[in-house]
Amino acid sequence: MLSVLLLFLLPVGGGIPAGVLLAQSKGLAWPLTAGLYFVSDVLLALAFEPVLRLFVALGRRVPFLARFGAAMREAMARSAAHVGGPGAGPISLVLIAFGVDPMTGRSAALAAGHGFLAGWAFAIAGDMLYYAVIALTTLRLNTWIKNPNTTMWIVLGAMLVVPVLVRRVRSGFARPVGANVV
């Protein structure tokens, strides 16, 4: 179980497919695997929150960090506008964490005025949804491919390419009527 947890703690997206496939090969049930991923999110919260709070405190004293914080709040407001408008309610914050990562979700929750527990609850909820999508995709794909390494590389590639394609398709739909398409 420790090796699966360590894979989930990797700060890059590859930890999920690799961890899920390792858990499956070790005979770990999916609820236990999901629980290990949840534990990795809680450990992330405990490690990241002091760093986030330090930056907030320093932002009050260091002009560069104050400007960075203002830019971050503006970026979070734009992100929240894409998924539900201003105010960054719970659904918006969950979707930010799902679409980006839990640290960004927590930063957005802090910018929206949510404290430690509520902010991390939104961020972890979004990340657990992301985990579910990637874990199910990995396990389904591996039943067809039957090669964990190939499955992991395909899922990693999809994790990189699909968001780019979605943004491209969405921006194509956002063109004004009558705009020239090149």
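In what follows, a residue is buried when its relative accessible area is under 20%, exposed when it is over 50%, and partly exposed in between (1.4 Å probe, protein chains only). The model is predicted, so local features need pLDDT of at least 70 and side-chain atom pairs count only at pLDDT 80 or more, while totals for chains, interfaces and linings use all residues. Residues are numbered from 1 along each chain as its sequence is written, and side-chain values use heavy atoms, with hydrogens and water left out.

**Exercise 1. Overall architecture**

Task: State how many helices and strands the protein has, and what share of its residues is buried.

Solution.
Step 1. Helices (H or I, at least four residues) and strands (E, at least two) are taken as DSSP runs and numbered from the N terminus. On this basis there are eight helices and zero strands, giving the pattern α-α-α-α-α-α-α-α along the sequence.
Step 2. Of the 182 residues in the protein, 32% are buried. The accessible surface, obtained by the Shrake-Rupley method with a 1.4 Å probe, comes to about 11200 Å², and carbon and sulfur atoms account for 72% of that area.
Step 3. A contact is a pair of heavy atoms within 4.5 Å. Of the contacts between residues at least 6 apart in sequence, 63% join residues at least 24 apart.

**Exercise 2. Helix H2 and threonine 33**

Task: Determine which residues of H2 are buried, and which residues threonine 33 is in contact with beyond its neighbours within four places in sequence.

Solution.
Step 1. Helix H2 spans residues 15–25 and is mostly covered, with eight of its 11 residues buried. These are Gly15, Ile16, Pro17, Ala18, Gly19, Val20, Leu21 and Ala23.
Step 2. Glycine 27, just after H2, takes a positive phi of about 80 degrees.
Step 3. Threonine 33 belongs to helix H3 and, at 5% relative accessibility, counts as buried.
Step 4. With neighbours within four places in sequence set aside, threonine 33 is in contact with Phe8, Val20, Ala23, Leu28 and Tyr131. Val20 and Ala23 are among the buried residues of H2.

**Exercise 3. A network of salt bridges**

Task: Find how many salt bridges the rule yields, and explain why the pair of arginine 106 and glutamate 49 ties together separate parts of the sequence.

Solution.
Step 1. A salt bridge requires a side-chain nitrogen of Lys or Arg within 4 Å of a carboxyl oxygen of Asp or Glu. The count comes to two.
Step 2. One salt bridge joins the side chains of glutamate 49 and arginine 53, at 2.7 Å from N to O. Both residues lie in helix H3, four residues apart, about one turn of the helix. An α-helix has 3.6 residues a turn, so residues three or four places apart point the same way.
Step 3. Glutamate 49 is buried at 7% relative accessibility, whereas arginine 53 is partly exposed at 39%.
Step 4. Arginine 106 also forms a salt bridge with glutamate 49, and the closest N and O atoms are 2.9 Å apart. Because arginine 106 lies in helix H6 and glutamate 49 in helix H3, this pair ties together parts that are 57 residues apart in sequence. Arginine 106 and glutamate 49 are both buried.
Step 5. Glu49, Arg53 and Arg106 are thus linked in a network of salt bridges.

**Exercise 4. The second largest pocket**

Task: Describe the volume of the second largest pocket, and identify which helices each supply at least two residues of its lining.

Solution.
Step 1. On a 1 Å grid over the protein atoms alone, a pocket is an open set of points, reached by a 1.4 Å probe, with protein on both sides within 12 Å along at least five of seven lines; lining residues have an atom within 4 Å of a point. Grid points are joined across faces, edges and corners, and the volume is the space filled by probe spheres set on the points.
Step 2. The second largest pocket holds about 460 Å³ of space. It is lined by 16 residues, and the closest to its centre are Leu52, Phe55, Val56, Gly69 and Met72.
Step 3. The helices that each supply at least two lining residues are H3 (30–59), H4 (63–83) and H6 (102–111).
Step 4. The lining has 11 nonpolar, three polar and two charged residues. Here Ala, Val, Leu, Ile, Met, Phe, Trp, Tyr, Cys and Pro count as nonpolar, Asp, Glu, Lys and Arg as charged, and the others, Gly among them, as polar.

**Exercise 5. Alanine 66 and lysine 146**

Task: Is alanine 66 partly exposed or buried, and where is lysine 146 found?

Solution.
Step 1. Alanine 66, in helix H4, is partly exposed, with a relative accessible area of 31%. Its C-alpha atom is 9.1 Å from that of phenylalanine 55, a residue 11 places away in sequence.
Step 2. Lysine 146 is found in the loop between H7 and helix H8 (148–173) and is exposed, with a relative accessible area of 64%. Its phi is near 60 degrees, a positive value in a residue other than glycine.
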